[in-house]
Amino acid sequence: MESIITSHAKEIGKLERTGAHSHIRGLGLDDKLEGRPNSQGMVGQIKARRAAGVIVKVIKQGKISGRAIMMAGAPGTGKTAIAMAMSQELGEVPFTSIAASEVFSLEMSKTESLTQAFRRSIGVRIKEETEIIEGEVVEIQIDRSVTGVGPKSGKLTLKTTDMETIYDLGQKMINSLTKEKVMAGDVIQIDKASGRITRLGRSFTRARDFDATGPDVKFVQCPEGELQTRKEVVHTVSLHEIDVINSRQQGFLALFSGDTGEIKSEVRDQINQKISDWCEEGKAEIVPGVLFIDEIHMLDMECFSFLNRALEDSMAPVVIMASNRGVSRIRGTNYQSPHGVPIDFLDRLLIISTQPYSQDEIKQIIKIRCDEEEVEMTDDALEVLTKVASETSLRYAIHLISTGHLVAQKRQASKVDVVDIKRVYSLFLDEARSVQYMKDYQDEFLYNEIAPSSGSDMVVDQPAV
């Protein structure tokens, strides 16, 4: 019974959630930044991906900050997908993603929320040297009292290819060795400052000690040279994490709870000064990151004014924005502007436009999503779903993949067929059919009799034909 429970727990641990952009592995560009038609989960949008590739290359060099890029295009043209692909390409460079509506909160001001997002996107590589002892364990001797009560003591014999040394062990080190299950023949690393023991693997010279070993056993070479060496350790933290830790007593606990609150500007100024000093001394290095703000048109004039000023700071990240609006009203004003963004702020932006997908590209995207969701689909069903996506929206068609798979499972079929797509298409309405249904039966909805006043500026969104 115990083995059954264990195997079931392992299967559950391997489950992974499939997100909207979990199939994206990168921008799908070659070394010359030429876009491949279908690569790393990205399909089409060659020009937009090339432009994003240039931005990624500049960010990786770490020589610019405070630049702003906007991705503008109709809904469902892959703006967020390109941003996620950029985050995959950047690797260790800090990448923060927020929605513009997150800025509006009762707990802190809008400018404080944006400041924290900015500081979260700037990394600091702090370098420090530490002394370590690294060698192969020859023998461990632990002396216990006859009564079993009292402190333990012992000796640890370590060796490299050049030397061998015996170390006296205290209670703390004995407990650490026992916890790590260190035995003779293991190669270990001991941090002298903290006393932390790391088990690197098993020595190749002891490979024949046992007839069989587990799959998790790693064999390594016996270290060379001195047992005690100095090693440079690099820690990467964000400016926001440093702010929170220094803003209050036990500030590190706020990092886990998320209750950071507003941080005083004086604290940030002192931290900036200290990090600048560390950079001059060679102890630290600034890593400019990326802040991605989705639905940028949701910000108001006060936020745009703050962004204008914040982008001029020497410690500003590269800000990437996305908007699906045309000429629309700037939030909080009666003025209209392209993308719902003030003209003076638009002047600062490099704008990347995304184009609607062709029918062949839609088909490729649906194929990729089927592979990601582990759904097998017949060619006829794929053609029907591609037609549905071109007539309604790509997002709606992608939703029908998993629901169609459930319907196919109910009729005990291994592949999703046309009949399954028709079934879920009739069960779930798209935007246009939903609006038409509401118009046909609007008398049966509540509050339908209340008409907007004549002076109202209310405009009802109409679905695209």
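**Figure 1. N308 is a buried residue, with a relative accessible area of 14%.** The cut-off for buried is under 20%, so N308 at 14% qualifies. The model shown here, as in every view below, is predicted. N308 lies in helix α9. Which residues does N308 contact, leaving aside its neighbours within four places in sequence? They are D344, F345 and R348. N308 and F345 are 37 residues apart in sequence. In space, their C-alpha atoms are 6.6 Å apart.

**Figure 2. The largest nonpolar core holds 25 residues.** Within this core, F118, I296, L299 and F345 touch the most other members. Six elements each supply at least two of the core residues: β3 (68-72), α4 (110-120), β13 (290-294), α9 (301-310), β14 (318-323) and α10 (343-346). Which of them gives the largest share? That is α9, with four residues. In soluble globular proteins, nonpolar side chains tend to be buried together.

**Figure 3. L299 touches many other members of the core and has contacts that reach beyond its sequence neighbours.** Leave aside the residues within four places of L299 in sequence. L299 is then in contact with A100, V103 and F104. The list also includes F304, L307 and R331.

**Figure 4. Five strands build an open, parallel sheet.** The order is β4-β13-β14-β3-β17. Why do β4 and β17 each have one side without a neighbour in the sheet? β4 (95-99) and β17 (349-353) stand at the edges, each with a single partner strand, so one side of each is left free of a neighbour. From one strand to the next, the twist averages 20 degrees. Within the sheet, β13 and β14 run parallel and are joined by four bridges. V290 stands opposite V318 in β14. Helix α4 packs on the sheet and touches β4, β13 and β14. The direction of α4 makes about 155 degrees with that of β4.

**Figure 5. Strands β5, β6 and β7 are linked by antiparallel pairing.** β5 (residues 122-143) pairs with β6 (residues 153-159) over seven bridges. Here I142 has G154 in β6 as its bridge partner. β6 then pairs with β7 (residues 164-169) over six bridges. In that pair, K159 is matched with E164 in β7. How many residues lie between β6 and β7 in their hairpin? There are four.

**Figure 6. β9 pairs with β8 in the antiparallel sense and with β10 in the parallel sense.** β8 covers residues 186-191 and β9 covers residues 197-203. Five bridges connect them. V187 has G201 in β9 as its bridge partner. The two strands form a hairpin with five residues between them. In the turn, G195 has a positive phi of about 80 degrees. The pairing of β9 with β10 (residues 219-220) runs over two bridges. There, S203 stands opposite V220 in β10.

**Figure 7. Helices α13 and α14 cross at roughly 115 degrees.** α13 spans residues 394-410, and α14 spans residues 418-427. Their axes come within 9 Å. Is the crossing left-handed or right-handed? It is right-handed. From α13, the contact takes in Y396, L400, T403, G404, V407 and A408. From α14, D420, R423, V424 and Y425 meet them. By class, this contact has six nonpolar, two polar and two charged residues.

**Figure 8. Helix α11 packs against α13 at an angle of about 35 degrees.** α11 covers residues 359-372, and the two axes are 10 Å apart. This crossing is right-handed. On the α11 side, the residues are I362, I365, I366, R369 and C370. They meet L394, A397, I398 and I401 in α13. How do the residues of this contact divide by class? Eight are nonpolar, none is polar and one is charged.

**Figure 9. The whole chain comes to 15 helices and 17 strands.** The protein chain has 465 residues, and 37% of them count as buried. Consider contacts between residues at least 6 apart in sequence. Of these, 65% join residues at least 24 apart.

Conventions
Residues are numbered from 1 along each chain as its sequence is written. This is a predicted model: local features need pLDDT of at least 70, side-chain atom pairs count only at pLDDT 80 or more; totals for chains, interfaces and linings use all residues. Side-chain values use heavy atoms; hydrogens and water are left out. A nonpolar core is a set of buried Ala, Val, Leu, Ile, Met, Phe, Trp, Tyr and Cys residues joined through side-chain atoms within 4.5 Å. Buried means under 20% relative accessible area, exposed over 50%, partly exposed in between (1.4 Å probe, protein chains only). Contact means heavy atoms within 4.5 Å. Two strands pair if DSSP finds at least two bridges between them. Axes are lines fitted to C-alpha atoms, for helices over the stretch in contact, and angles run from 0 to 180 degrees between N-to-C directions. A crossing is left-handed if the near helix is turned anticlockwise from the far one by less than a right angle, and right-handed if clockwise. Ala, Val, Leu, Ile, Met, Phe, Trp, Tyr, Cys and Pro count as nonpolar, Asp, Glu, Lys and Arg as charged, and the others, Gly among them, as polar.
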